[in-house]
Amino acid sequence: MRFQNAIAAFVAIIAATTFTTSSSAFQTPLHSPIIAHRSSSSRRPSSNAFSSKKSAILRSLLPPTTTTVPTPFAPAKSSSSSSSSLAPLRAEASSSSSASSSSEEDDVVGGTTTTTSGTGTASIPNEIFNLVKSIVGAGVLSLPAGIGAFGNAPSAILPATLLIGTIGFFSAYGFSLIGRVCSYTGGQSYRDAWSQSVGDSTSWIPAVTCTFKTCFAILSYSMILADTGKALLSTAGLQTTRTAALLGITGTALLPLCLLKNLSSLAPFSLLGIGGMFYTTIAMAARYLGGAYKLGAPAVKGSNVAAVPAGKYLADVATNFQPRFGNLGASAAMSPNTFILISMLSTAYMAHFNAPKFFVELKDNTIKRYNTVVGTSFGISVLLFALVGSLGFLTFGSASSGLILNNYSGKDALMSLSRVAVAVSIVFSYPLIFAGARDGWLDLLKVPVDERTDSVLNKATLAILAGVTVVASQLKELAFIMSLAGATLGNALIYVYPALMFRSAVKGMGEKASKGLKREVPFAMFSAGLGVVMGCIGAKMAFGLL
């Protein structure tokens, strides 16, 4: 009973936090970084402030929408020698700003003084809301299966929660590193930050990684829509196959939305994403605490132990989705299968291709204010991930599906509404992610911007969407996609690339780099090494899910 009361209190805290954050989140809309392949001006000559001309160009490139889209493929600003041209900027980042004006806010991070850029308009509450919205997506629904991959006893949630918090910390650190690199170099996209720190000649590496990561994202969305669509139609009394449900949703909803050239009209629907996830969390808590899916037990002869009735909806759940528990608890976390959960978390926490936009668009964007946004947003996400993962696992144990909603009965109205909320959220989020994947492919194929006519965009949309739909109709194990994408692409974007960019940026400062920054480089590289190890083991374990 104490444990159940604690979970109930946990839900209340999360709900209160979300309400407080969202109440001021709409005051300043966060612009959408749909700026892939558009021409950009030369980078800012000073790290203290953008020029007015630069600000005007930047504002013209950013459509007024509250939705953040992962399109980190903006071409890097030209530079004949990245290291030499950035030396003045890096010197400014590491020196004291004694001559700064009174309107500028100094901030010391790791012994390095940075100053406010001053062109962003987004408030801290606004950015927190948008960042949480970017992090907390459908990927969280696979976490119970990640816990079930190594344990089948309730105590398995203890090491799982610890892992969720630890991976959340390193993910937040990587997100912070990207913003700091942008502060030191003037980078305004993931690729641009790499180009200005590591070098322009290898900037295709993060571009390719981001392209494939967005492709994995829309693939997982299509898989979720296939399962959810079939379940909802079954609830309505219409029996159909998973493939038929996906084809219907793709043809009637996804294709028309992905063919849109202006996505700003979809911005209001992005709120359904985080709203649907919080509703799902509360619904899962209600079903766990109410015992609607608990296993029954017969009375023990010759004792006072009475029979335990099965949960209200248990009989309506397929045998392979019914709760399954054993004796593999906290100690089972030493199993290599734990890396499946770790890899899933690398996908679940993924929002790093948008880190430069969050830094640039933050009002008075000092490192301190930016880190406040990062720390708070990832903290809320850690709590929500831990709650969803624990509730799903405590309800169904090792039988938890890669999409936990599959475990719930089609006759359960509370969870059916959750399926609707998640499906609607994914449908309207799909074209926003899809735009990033399409632009990424056009960039890799070196299609010039002026040749990207409506006809070319339509053909690219049809080709990519058809390929994703075919693959999604054949793959049924969402946990495999989430863990494989996280182990490979996610770990690179979250841990490896940010550390490499940070090391190069500090190295480019030369002797002017502070001792604090130099001491931090080994820790950043430790984070990168950790990502490589987790990726190698996680990728191997992911294939075991097939």
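**Close-up 1. A nonpolar surface patch in the predicted model.** In this predicted model, F269, L272, L417, V420 and V424 form a nonpolar patch of about 360 Å² on the surface. Helix α15, which covers residues 413-444, supplies the largest share of the patch, namely three residues.

**Close-up 2. F269, a member of the patch.** F269, one of the residues that make up the nonpolar patch, lies in the loop between α10 (242-258) and α11. F269 counts as partly exposed because its relative accessibility is 32%, a value that falls between the limits of 20% for buried and 50% for exposed.

**Close-up 3. Helix α11 and the residue that follows.** Helix α11 comprises 20 residues, 271-290. At 1.5 Å a residue the helix should span 28 Å, and the end C-alpha atoms are 29 Å apart, which agrees with that expectation. Buried positions in α11 include G273, I274, G276, M277, F278, T280 and T281; A283, M284, A285, R287 and Y288 are also buried. An α-helix has 3.6 residues a turn, so residues three or four places apart point the same way. After α11 comes G291, which has a positive phi, near 65°.

**Close-up 4. The buried lysine K213.** K213 is located in helix α9, residues 204-235. The residue is buried but has no salt bridge; E477, the nearest side chain of opposite charge, is 16 Å away. Apart from neighbours within four places in sequence, K213 is in contact with T347, M350 and F353, as well as with A485, L489, G490 and L493.

Note on methods: Residues numbered from 1 in each chain as written. Predicted model: local features only at pLDDT ≥ 70, side-chain atom pairs only at ≥ 80, totals over all residues. Heavy atoms only, no water. Helix = DSSP H or I, 4+ residues; strand = E, 2+ residues; numbered from the N terminus. Expected span 1.5 Å × (residues − 1). Buried < 20%, exposed > 50% of the residue type's maximum accessible area, 1.4 Å probe, protein only. Lys, Arg positive; Asp, Glu negative; His and termini not counted. Salt bridge = Lys/Arg side-chain N within 4 Å of Asp/Glu carboxyl O. Contact = heavy atoms within 4.5 Å. Patch = residues over 30% accessible without salt bridge, like charges linked within 9 Å, V, L, I, M, F, W, Y side chains within 5 Å. Areas by Shrake-Rupley, 256 points an atom, 1.4 Å probe, with all protein chains shown as cover.
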